[in-house]
Structure formats: structure tokens, C-alpha cells
Amino acid sequence: AGFGYDAAGAVLKDVTFTAKAGQRIALVGPSGSGKSTLLNLIPRFFDLTSGAIRFDAVSHRDIGLKSLRGGIALVTQDPFLFDDTIRANIAYGNPDATQAQIEQAARDAAADEFIAQLPGGYDMRVGEAGTRLSGGQKQRIAIARAFLKNAPLLLLDEATAARDTHAEIEVQQALERLMNGPTTFVVAQRLSTI
């Protein structure tokens with residue numbers, strides 16, 4: 001497979017690999033080496049310029065975007081939150097979820113303790129792009145969303161980037177629990193992060 005942002009040339013050339021169900025795949029390298037670009041090709045945030053990504057024998061181009069993305073959970077270094085309640089932001093991964101399921105996902109993500117201390121708890125609005133929360137809190141909300149979605153494919157893009165020490169440990173432990181089951185792609189700049 002290959003990809004280029006424009007006619008100037010390919011960013012990724014002749015990339016070939018196989019990922020088996022339940023496997024963890026690490027993409028490690030310096031900034032600008034194409035790790036995140038490769039990850040963004042899987043849910044078709046960008047389209048390949050050559051080759052194909054296949055799920056079993058089916059090209060991802062033959063899978064509807066809604067169906068394709070419905071089977072993928074994504075946690076990034078700086079996750080996007082909607083200007084809505086914490087409950088709604090967690091439930092974004094599964095809009096039909098019950099309050100009990102949302103709270104279990106928050107517990108799994110080590111987010112329930114800080115949520116309980118917030119004014120309004122699950123009903124607190126996070127502000128535009130989650131501005132009322134710290135970076136580590138936003139990450140744990142995104143992890144809770146991924147737990148609730150329970151997708152067979154998990155994409156982690158620099159999701160373990162350094163935060164304050166306590167939050168970093170909680171985020172790493174929550175991610176370890178989250179990675180137990182789905183096929184997981186992990187992007188990091190340093191092998192030690194993996």
C-alpha cells in the first residue's frame with residue numbers, strides 16, 4: 001500500500017503487513033515518519049493512493065464508512081471531546097448505553113473517581129473541546145468511550161504521551177485493560193513507551 005498527500009510524492013511506499021485478530025502491532029519511530037498517517041488510513045480518514053487494506057479478504061473500500069468506523073475505537077494523545085456532558089462524551093461510542101454501562105466504562109478507564117469529584121459529576125459539561133478537563137482527564141474519558149464502544153479494532157495514537165505522573169500511570173493501566181481483546185495498533189515515538 002502507498003499514500004501521498006499530494007502529487008509531490010508518496011509519504012508511505014510499499015507498506016505491507018498482516019495483523020491477526022487480537023494481536024498488538026506497534027508502530028514506532030520519530031516524529032514525521034508516517035506512523036499516524038498509516039494509522040489514519042485504517043478508518044479512511046485518508047484514502048490510499050495505491051494498494052488496499054483488507055479485513056479478511058474484503059477491501060476496506062468495499063465496507064461502508066459507517067460500518068468500517070463502527071468497528072474501530074480510537075484514542076489519541078489529545079482526544080477530541082464535544083461541548084456536552086461527560087455522560088454524552090463517554091456514550092458517543094455507544095449512544096444506546098445505559099447509565100450503568102457508562103459508569104462501568106468510566107471505572108474501567110480509571111475516570112470514575114475524578115468524575116465523582118466534579119460539580120455535576122456525569123452531568124458536567126466539559127466545555128468546547130473539553131477545556132474544563134485536564135489532559136489526563138480527557139484521555140480517560142476517551143478511553144471510557146473506547147471501552148463502551150467495545151470495538152474489535154483499537155487504534156492508539158500516542159495515547160500514552162506524558163501527563164502528570166499520577167495521571168500517566170492511571171492512563172497506562174486503563175490502556176492495558178482496554179487492549180485486552182481487540183486487535184490493537186499502537187503508535188509511539190519511543191520503543192520504551194510500548
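In the predicted model, L118 is placed in the loop that runs between α5 and α6. The relative accessibility of L118 is 15%, and L118 therefore counts as buried, the cut-off being under 20%. When residues up to four places away in sequence are set aside, L118 touches I86, M124 and L133. A further pair was examined by C-alpha distance: L118 and E103 are separated by 15 residues in sequence and by 14 Å in space.

The nonpolar interior was considered next. In soluble globular proteins, nonpolar side chains tend to be buried together. The largest nonpolar core of the model holds 36 residues, and the members that touch the most others are I90, I115 and I143. At least two residues of this core come from each of β4 (72–76), α3 (86–91), α4 (99–108), α5 (112–117), α6 (135–149), β5 (153–157) and α7 (165–178). The greatest contribution is that of α6, which gives seven residues. Another core lies apart from this one; it has 17 residues, including I53, I63, L68 and V187.

The surroundings of I90 were listed without its neighbours within four places in sequence. On that basis, I90 is in contact with I102, A105, A106, I115, Y122, I141, A144, R145 and L148. I115, one of these contacts, is also among the three core members that touch the most others.

Two loop residues were examined for their backbone angles. Most residues other than glycine have a negative phi. D56, by contrast, has a positive phi, near 60 degrees. D56 is found in the loop between β2 (54–55) and β3 (58–59). The relative accessible area of D56 is 80%, so D56 is exposed, for which the cut-off is over 50%. N150 is not a glycine either, and its phi is positive, near 55 degrees. The loop that holds N150 connects α6 and β5. With a relative accessibility of 65%, N150 also counts as exposed.

Open spaces in the model were then examined. Rolling a probe the size of a water molecule over the atoms shows where empty space is left. The largest pocket has a volume of about 730 Å³. Its lining consists of 28 residues, and those nearest the centre of the pocket are A19, I53, R54, F55 and F185. Two or more lining residues are given by each of α1 (35–41), β2 and β6 (183–188). By class, the lining of the largest pocket comprises 19 nonpolar, six polar and three charged residues. I53 appears both in this lining and in the core of 17 residues.

The second largest pocket contains about 520 Å³ of space. This pocket is lined by 20 residues, of which I72, L74, Y92, R145 and K149 are the closest to its centre. The elements that supply two or more residues to this lining are β4 and α6. The largest share, five residues, is that of β4. The lining of the second largest pocket divides into 14 nonpolar, two polar and four charged residues. R145, which is close to the centre of this pocket in the sense of the list above, is also a contact of I90. Both β4 and α6 supply residues to the largest nonpolar core as well.

Technical notes:
Residues are numbered from 1 along each chain as its sequence is written. This is a predicted model: local features need pLDDT of at least 70, side-chain atom pairs count only at pLDDT 80 or more; totals for chains, interfaces and linings use all residues. Side-chain values use heavy atoms; hydrogens and water are left out. A nonpolar core is a set of buried Ala, Val, Leu, Ile, Met, Phe, Trp, Tyr and Cys residues joined through side-chain atoms within 4.5 Å. Buried means under 20% relative accessible area, exposed over 50%, partly exposed in between (1.4 Å probe, protein chains only). Helices (H or I, at least four residues) and strands (E, at least two) are DSSP runs, numbered from the N terminus. Contact means heavy atoms within 4.5 Å. On a 1 Å grid over the protein atoms alone, a cavity is a set of points where a 1.4 Å probe fits but cannot get out, and a pocket is an open set with protein on both sides within 12 Å along at least five of seven lines; lining residues have an atom within 4 Å of a point. Grid points are joined across faces, edges and corners, and a volume is the space filled by probe spheres set on the points. Ala, Val, Leu, Ile, Met, Phe, Trp, Tyr, Cys and Pro count as nonpolar, Asp, Glu, Lys and Arg as charged, and the others, Gly among them, as polar.
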